[in-house]
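Trainee: I have this one open in the viewer and would like a close look at a single part, the place where the two chains meet. Could you walk me through that region and then set it in the context of the rest?

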Amino acid sequence: MSYVDTAAAIELSPRARRRRLLRKRFLRRPLAIAGLVVALAFVLAAIFAPVVAPHDPSTIDVNALLAAPSHEHLLGTDELGRDVLSRIIFGARASIQAGVLATLLAMLIAVPIGVTAGYFRGWLDPVVARLTDVLLAFPFLILAVGLAAILGPSLLNATIALGVGAAPGLIRIARGEALSLREEDYVRAAVANGASDASIIVRHVLPNMLSTLIVQATVTIPAAIIGEAVLSFLGLGVQPPTPSWGVMLSAAQPYVNEAPRLALFPGLAIFFCSLSFNLLGDGLRDVLDPRTTR
Amino acid sequence: MGGFLLRRVGAALIVLFLASVLVFAGVRALPGDPALALGAEERDPAVLAQIRHKYHLDEPVPLQYARWVGLALRGDLGTDQRELAVGHTIVTRLPITLELAGLAILIGTLIGIAAGVIAAVRRGKASDYGATTFALVGLSVPHFWLGIMMIILFAVKWHWLPAGGYVPLHDDPIQNLRHLLMPAIVLGTGLSAVLMRQMRSSMLTSLGADYVRTARAKGLSEWSVVGKHALRNSLITVSTVIGLQLGALISGAVITEQIFGIAGFGRLTIDAVNQRDYTLLQGVVLVAAAGYVVVNLAVDLLYSYLNPRIRVSGRPA
């Protein structure tokens, strides 16, 4: 029996074998699986919000202002009689959009700059290193608040501000990876074989830093989701009446006495959304980086 | 050591210079003509030209920058929309935030170190899982929401603590502490979570190191092995983490002060943005960046003092 298994394993390509190993390692981590499931649930809720939500998120019901949770409104209604559950489901759109797009933008800025600086070195490297130091001297939120002030308040601008704000840290990581990868034996071998810089970067450097980038992405997404909530809370992101978790929290503040649940539910949504991505990120780090495996 | 010191200070100065250029350029990039804003209802070109001349807005940009930096170095950051000196406003607001941040660092460090050490020593036991879960929750929870929840519970429901505001320390130390306790816990949670993780992993490394095995072999008590040998070496990393977390702490102060209605430096930043007060914003951001650079330089130097290997190679291992 074991003989057959071994034979089957040999037939697999090295890449497929690695993929199978990684999957096996991932499936052994219940917390990471839970993170993946919950994160996917949030993404699906955002995409299919009109189908999933029991009510229209902006329908005002003057007969049910600040109504307690009931069969009709599972999480109650807000100060304008709007269904809280539906607003949270629609609010996932702003959060997921900001989280994913800001991370994507940060990667698009950071990876080319970081890899170019780390791979080619020369005069470019110290310049990039200093410039990232400069950008890192501005606290993330101050940078994002400043950018949002320059660009004007909207979800798109908040996303851009968060993406640009997250880029310096990622540049540093991408540069560090490229710096160490260029010294690897297989890169030297490729150089000796006459491979061009572009093909070395595309075929050797980028694929080998992919796992680091994936882990970084899964921890940048929750940071951006919280960042979007903060900016919207401060009035620098999503504008009411569009539902967003930060806007809901900000609107809930005058009612903490009569209806504290208005502040409770959107916060729980932010918490579970960001927790799920963090759990997934922790799991992926353990799976992809054998050094941290216990 | 001298060369190392010079290199580090030089790098910090370059970063500071570029940061000031960025702040200056950023404020110039803001939409709207400052002369129009200063002129209020005035649209007469002659008056606007006069305003531009008065505020040196008609000079070449590099000259404007040089004038601004020259004055900033002497502590003059200009006057804001209410004709108040920005430097003075910052100096009155900053101590409030520093006290809040100091308390937050104290709470965060105590909890973070204790939780990290316990988790490492009792690895795989219930207390390890408890501490690890606490760190994960601390990293995922939006702090401004945590603040709102604490206000609802401790101020609105149980009336244990005031919901917000600030009482100066020299007016009433007890009230001062009562007002700052919740904000400091909110601000310290993130720090304690990051520190706990760092402490746990570095303690695990230390506990597996040869010198700890030697200490155990000598028959030292477990208390002395953990406290004297393993902990001392792990504390070096803590100093760096605090330096790196400073940015998060400043960001956190901005939103924490907003939630608790504390008129500190962070609140000033948001007010400057909301009121489109660019002189004020420029000054606030410059001071925040300068503080970050200076503290990190201090941490760098402290770190190299604690760990001589870095001085030789010139960069952290």
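Mentor: What follows starts at the contact between the chains, goes into the core, and then works outward to the odd spots and the confidence.

Keep in mind that this is a predicted model. For the assembly as a whole, the scores are ipTM 0.81 and pTM 0.83.

Let's go straight to the contact. Chain A puts in 30 residues and chain B puts in 34 residues. On the chain A side, the elements that supply two or more residues are helix H6 (124–136), helix H7 (140–151), helix H10 (197–233) and helix H12 (261–288). Sort that side by class and you get 23 nonpolar, five polar and two charged residues.

H6 of chain A is worth zooming in on. Take A:Thr132, which sits in that helix. Is A:Thr132 buried or exposed? It is buried, because 22 other C-beta atoms lie within 10 Å and 20 or more is enough to count as buried. Leaving aside residues up to four places away in sequence, A:Thr132 touches A:Pro168, A:Ile171 and A:Arg172. The pairing with A:Ile171 spans 39 residues along the chain, yet the two C-alpha atoms are separated by 7.3 Å.

Now for the core. The largest nonpolar core has 160 residues, and the ones with the most contacts inside it are A:Ala144 and B:Ala289. Its largest share, 17 residues, comes from helix H5 (residues 84–120) of chain A. If you click on A:Ala144, look for A:Ala161, A:Leu162, A:Gly165, A:Gly227 and A:Leu231 around it; A:Ala144 touches each of these, again not counting residues up to four places away in sequence.

Step back to the chains themselves. Chain A is made of twelve helices and zero strands, while chain B has 13 helices and zero strands. Along its principal axes, the C-alpha trace of chain A spans about 75 × 60 × 30 Å; for chain B the corresponding box is roughly 85 × 60 × 35 Å. Of the 294 residues in chain A, 45% count as buried, and of the 317 residues in chain B, 37% do. As for how the contacts are spread along the sequence, take those between residues at least 6 apart: in chain A, 70% of them join residues at least 24 apart, and in chain B the figure is also 70%.

For a contrast with the buried spots, try helix H2 (residues 14–27) of chain A. Its 14 residues reach 20 Å from first C-alpha to last, close to the 20 Å expected at 1.5 Å a residue. H2 of chain A is hardly covered, though: the count of buried residues in it is zero.

Then there are the backbone oddities. Most residues other than glycine have a negative phi, and most peptide bonds are trans. Against that background, A:Arg121 has a positive phi of about 50° although it is not a glycine. You'll find A:Arg121 in the loop between H5 and H6 of chain A, and it is partly exposed, with 15 other C-beta atoms within 10 Å. Over in chain B, B:His159 also breaks the pattern, with a positive phi of about 55° although it is not a glycine. B:His159 belongs to the loop between helix H7 (143–157) and helix H8 (173–207) of chain B, and it counts as exposed, with 9 C-beta neighbours inside 10 Å. The peptide-bond oddity is in chain A: a cis bond joins A:Pro240 and A:Pro241, with omega about 10°. A:Pro241 is found in the loop between H10 and helix H11 (245–252) of chain A.

Last, how far to lean on each part. Chain A averages a pLDDT of 85, and 94% of its residues score at least 70. Within chain A, confidence is lowest in helix H1 (residues 2–11), at a mean of 54, and highest in H5, at 93; that H5 is the helix with the largest share of the core. For chain B the mean pLDDT is 82, with 92% of residues reaching 70 or more. The stretch to flag there is residues 313–317 of chain B, where pLDDT stays under 50 and the model has four contacts beyond four places in sequence.

Definitions and conventions:
Residues are numbered from 1 along each chain as its sequence is written. Chains are lettered from A and ligands numbered from 1 in the order in which they are written. This is a predicted model: local features need pLDDT of at least 70, side-chain atom pairs count only at pLDDT 80 or more; totals for chains, interfaces and linings use all residues. A nonpolar core is a set of buried Ala, Val, Leu, Ile, Met, Phe, Trp, Tyr and Cys residues joined through C-beta atoms within 7 Å. A residue is buried if 20 or more other C-beta atoms lie within 10 Å of its own, exposed if 12 or fewer, and partly exposed in between; C-beta atoms are placed from the backbone. Helices (H or I, at least four residues) and strands (E, at least two) are DSSP runs, numbered from the N terminus. Two residues are in contact if their C-beta atoms, placed from the backbone, lie within 7 Å. Ala, Val, Leu, Ile, Met, Phe, Trp, Tyr, Cys and Pro count as nonpolar, Asp, Glu, Lys and Arg as charged, and the others, Gly among them, as polar. pLDDT is the predictor's confidence in each residue, from 0 to 100. The expected span of a helix is 1.5 Å times one less than its number of residues.
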